[in-house]
Amino acid sequence: MDIKNLLFWIFLIIATALLIWNIFGNSPSEFITLVTLFFTLLLKIWSISDKQIRLEMGVRALSKDF
């Protein structure tokens with residue numbers, strides 16, 4: 001398993017817990033919840049970007065063969 005995917009799932013669980021904690025009160029600031037959600041989305045976008053780069057490199061290698 002890729003480290004980015006593992007970090008994504010860990011931060012998704014943390015972000016969900018913070019969001020639920022924020023809804024039901026006595027939570028840390030909204031800023032911490034938003035930063036955690038933003039970082040979680042950033043990890044997922046980074047993972048998707050790496051997959052797209054690998055796909056483009058494969059397509060370029062295939063196009064050179066033709």
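Here is a short back-and-forth about the predicted model shown above.

User: Before we start, what kind of model is this, and how are residues and side chains handled?
Analyst: Residues are numbered from 1 along each chain as its sequence is written, and side-chain values use heavy atoms, with hydrogens and water left out. Local features need pLDDT of at least 70 and side-chain atom pairs count only at pLDDT 80 or more, while totals for chains, interfaces and linings use all residues, since the model is predicted.

User: How many helices and strands are there in the protein?
Analyst: Helices (H or I, at least four residues) and strands (E, at least two) are DSSP runs, numbered from the N terminus. Helix 1 covers residues 3-23, and helix 2 covers residues 30-65. The count is two helices and zero strands.

User: Is the protein a compact globule or more spread out?
Analyst: The C-alpha atoms fill a box of roughly 60 × 20 × 10 Å along the principal axes. The radius of gyration (taken over C-alpha atoms) is compared with a globule rule of 2.2 Å times the number of residues to the power 0.38. That rule gives 11 Å for 66 residues and the protein has 18 Å, well over it, so the protein is more spread out than a compact globule.

User: What share of the 66 residues is buried?
Analyst: Buried means under 20% relative accessible area, exposed over 50%, and partly exposed in between (1.4 Å probe, protein chains only). The accessible surface, from the Shrake-Rupley method with a 1.4 Å probe and, for residues, only the protein chains shown as cover, comes to about 5,400 Å², with 74% belonging to carbon and sulfur atoms. As for the buried share, the figure is 18%.

User: Is K4 buried or exposed, and which residues does K4 touch?
Analyst: K4 sits in helix 1. Its relative accessible area is 11%, so K4 is buried. Contact means heavy atoms within 4.5 Å, and not counting residues up to four places away in sequence, K4 touches W46, S47 and D50.

User: Which residues is T33 in contact with, leaving aside neighbours within four places?
Analyst: T33 belongs to helix 2. With a relative accessible area of 2%, T33 is buried. Its contacts are L18, L19 and N22.

User: How far apart are the C-alpha atoms of W46 and F8?
Analyst: W46 is in helix 2 and is partly exposed at 47%, whereas F8 is buried at 10%. The two are 38 residues apart along the chain, and their C-alpha atoms are separated by 10.0 Å.

User: Which aromatic pair ties together parts that are 28 residues apart in sequence?
Analyst: Rings of Phe, Tyr and Trp (its six-membered ring) pair if their centres lie within 6.5 Å; planes under 30 degrees apart count as stacked, over 60 as edge-to-face and the rest as tilted. The structure holds two such pairs; F8 and W9 form an edge-to-face one, 5.2 Å centre to centre with 70 degrees between the planes. Another edge-to-face pair has 4.8 Å centre to centre and 70 degrees between the planes. Its partners lie in helix 1 and helix 2, so the pair asked for is F11 and F39.

User: Which residues form the nonpolar patch on the surface?
Analyst: Patches are made of residues with over 30% relative accessible area and no salt bridge (a side-chain nitrogen of Lys or Arg within 4 Å of a carboxyl oxygen of Asp or Glu). Like charges are joined within 9 Å, nonpolar side chains (Val, Leu, Ile, Met, Phe, Trp, Tyr) within 5 Å. I3, in helix 1, counts as exposed at 53%. With about 340 Å² of accessible area together, the patch members are I3, L6, I10 and I14.
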